[in-house]
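Got the viewer open? Let's take a walk through this model, one selection at a time.

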There are 2 protein chains.
Amino acid sequence: MPKDRAPTRIQRKNRAAILDAALEVFSAQGFRGATVDQIASAAGLSKPNLLYYFPSKEAMHEAVLSQLLDTWLDPLRALDPIGDPIEEILGYVRRKLEMSRDFPRESRLFANEIVQGAPRIHEVLSTDLKALVDEKTAVIQGWIDEGRLAEVHPYHLIFSIWSLTQHYADFDVQVRAVLGKEDPFDAAPEFLETLYRRMLRPA
Amino acid sequence: MPKDRAPTRIQRKNRAAILDAALEVFSAQGFRGATVDQIASAAGLSKPNLLYYFPSKEAMHEAVLSQLLDTWLDPLRALDPIGDPIEEILGYVRRKLEMSRDFPRESRLFANEIVQGAPRIHEVLSTDLKALVDEKTAVIQGWIDEGRLAEVHPYHLIFSIWSLTQHYADFDVQVRAVLGKEDPFDAAPEFLETLYRRMLRPA
DNA sequence: CGTGACTTTGACCTTTTGGTCAAATCAAAG
DNA sequence: CTTTGATTTGACCAAAAGGTCAAAGTCACG
């Protein structure tokens, strides 16, 4: 463990390599399923070397997870109360779907964590996440009250967006097994746009 | 390992207890995360006793998983080409949602398996599951061609049902963290019914 | 260069865990 | 009640896995 000065060039490079390798392995195997040796070899370093940069496997997991949580909610934060209701929600759906396509490892890491009861992030969920969702559902309810969106349970609307978009990352193998050669991301954007336009257009 | 006669009373009881305990533990911890000791204590038996009934942890996992696969697809199989299109699909949605409510462990076991790349069931997915989905999407496409359902990508329609309903089981802790005291299953049925009625009503 | 701090690793330790086994206990058919 | 097969378990074993450490190698800078 180096002193707590500014990180050196080597430290930055190796920490980044380790975090990337850890994301790779944790997202594919879960916390218990991942071994430090796997992460080490994915990072191109020796096991004791990893433990020079992070005090434990647990610490690597925490680092990867907190790095993820930092950005995971950005698409929802970007939902703008000033914009057009339907376009704002469609924009959110599109951003989330792009994240599933471009960052499936992050999605799966998150899914692994939640499916297993979110032991390490339960706190964040019921404080930060809840607060953000409360805020945005209030905006949505406002739009509904103004007659600019069809009547819909705003919390379940958010859940539906999470589930529909993350499904393409988390259940990728299943989706691809069923679709055969066709790429899920060819039709998914249009499918989701159509779905939400039909659901949300005011009567 | 008993001879391969008809199972005794004790064998039936203990095998059932082990499978239930294994489902409990595997669904909560994943395969690697589960230990034989945890399963043993959940089943109220000693570890060597478990290994008297199943040759390995792997075998327990296989048994639980194949027992699950047996019934997991029943709700989709029940989708009837003769019935009313929208009511048939709503019925499927309702059955799947009830499974999420009543059998969350099964849903999470399945989710764990798929998220981690479905190493043990990939075969089943691309043969049995694909065949069933191919059959049912053909039915749905038929309904669309007859003008009895709105235009929609039938495969992605199925995916949407899977993701929306299983989300309430697999991401239960997240959903509850956000909702607070409210039970997700109070509003979910109506939300999903409304969603699919709006999406599927022919123009 | 030389020096002190940073980095790397081979060897090793400990705990956890899947699995084995022989001996002990139990069930039930005759 | 005895015999025989089924069931149970305490004691072990070996491999896997997280983690430690001292010694060796590298880097950067005066």
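Before the first stop, one term: a polar contact here is a pair of N or O atoms within 3.5 Å. A:Gln11 gives an example, with a polar side-chain atom 2.6 Å from a phosphate oxygen of DNA strand C. Keep in mind along the way that you are looking at a predicted model.

**Stop 1: DNA strand C**

Stay with DNA strand C and show the protein around it. There are 22 residues to find, and A:Thr8, A:Gln11, A:Tyr53, B:Val36 and B:Lys57 come nearest. On the DNA side, sugar and phosphate make up 65% of the atoms of strand C that come within 4 Å of the protein.

Now click on A:Thr8. An N or O atom in its side chain sits 2.6 Å from a phosphate oxygen of DNA strand C. Then try A:Asn49, where a side-chain N or O atom is 3.1 Å from a sugar or linking oxygen of the strand.

Which helices should you colour here? Pick α1 (9-33) and α3 (47-53) of chain A, plus α3 (47-53) of chain B: each supplies at least two residues of the surface near DNA strand C. If you colour that surface by residue type, you'll get nine nonpolar, seven polar and six charged residues.

**Stop 2: DNA strand D**

Swing over to DNA strand D. Of the 22 residues around this strand, the ones that come nearest are A:Arg9, A:Lys57, B:Thr8, B:Gln11 and B:Tyr53. Of the strand D atoms within 4 Å of the protein, 65% belong to sugar or phosphate, and the rest belong to bases.

Three side chains of chain B are worth a click:

- B:Thr8 has a polar side-chain atom 2.6 Å from a phosphate oxygen of DNA strand D.
- B:Ser46 places a side-chain N or O atom 3.1 Å from a phosphate oxygen of DNA strand D.
- B:Arg32 has a side-chain N or O atom 3.4 Å from a phosphate oxygen of DNA strand D.

For the helices, select α3 of chain A with α1 (9-33) and α3 of chain B; each gives at least two residues to the surface near DNA strand D. That surface divides into nine nonpolar, seven polar and six charged residues.

**Stop 3: the two domains of chain A**

Leave the DNA and colour chain A in two parts: domain 1 covers 1-55 and domain 2 covers 65-200. Where they are in contact, domain 1 of chain A contributes eight residues and domain 2 of chain A seven. Taken over C-alpha atoms, the centres of these two domains are 30 Å apart.

**Stop 4: A:Thr137**

Zoom in on A:Thr137, in helix α8 (residues 122-145) of chain A. Is A:Thr137 buried or exposed? Its relative accessible area is 3%, and buried means under 20%, so A:Thr137 is buried. Its side chain reaches the backbone oxygen of A:Asp134 at 2.9 Å. Leaving out residues up to four places away in sequence, A:Thr137 touches A:Pro154, A:Tyr155 and A:Ile158.

**Stop 5: helix α6 of chain B**

Last, select residues 85-102 of chain B, which form helix α6. Want to check its length? At 1.5 Å a residue, its 18 residues should span 26 Å, and the end C-alpha atoms are 26 Å apart, which agrees.

Next, highlight the buried residues of α6(B), including B:Pro85, B:Ile89, B:Tyr92, B:Lys96 and B:Ser100. To see what covers them, show other helices of chain B, among them α4 (57-72), α7 (104-115), α8 (122-145) and α11 (184-200).

Key
Residues are numbered from 1 along each chain as its sequence is written. Chains are lettered from A and ligands numbered from 1 in the order in which they are written. This is a predicted model: local features need pLDDT of at least 70, side-chain atom pairs count only at pLDDT 80 or more; totals for chains, interfaces and linings use all residues. Side-chain values use heavy atoms; hydrogens and water are left out. Helices (H or I, at least four residues) and strands (E, at least two) are DSSP runs, numbered from the N terminus. The expected span of a helix is 1.5 Å times one less than its number of residues. Buried means under 20% relative accessible area, exposed over 50%, partly exposed in between (1.4 Å probe, protein chains only). Contact means heavy atoms within 4.5 Å. A residue is near a molecule or strand if one of its heavy atoms lies within 4 Å of it. A polar contact is a pair of N or O atoms within 3.5 Å; within protein, one must be able to donate a hydrogen and the other to accept it, and residues adjacent in sequence count only if both atoms are side-chain atoms. Ala, Val, Leu, Ile, Met, Phe, Trp, Tyr, Cys and Pro count as nonpolar, Asp, Glu, Lys and Arg as charged, and the others, Gly among them, as polar. Domain bounds come from an automatic or database domain assignment.
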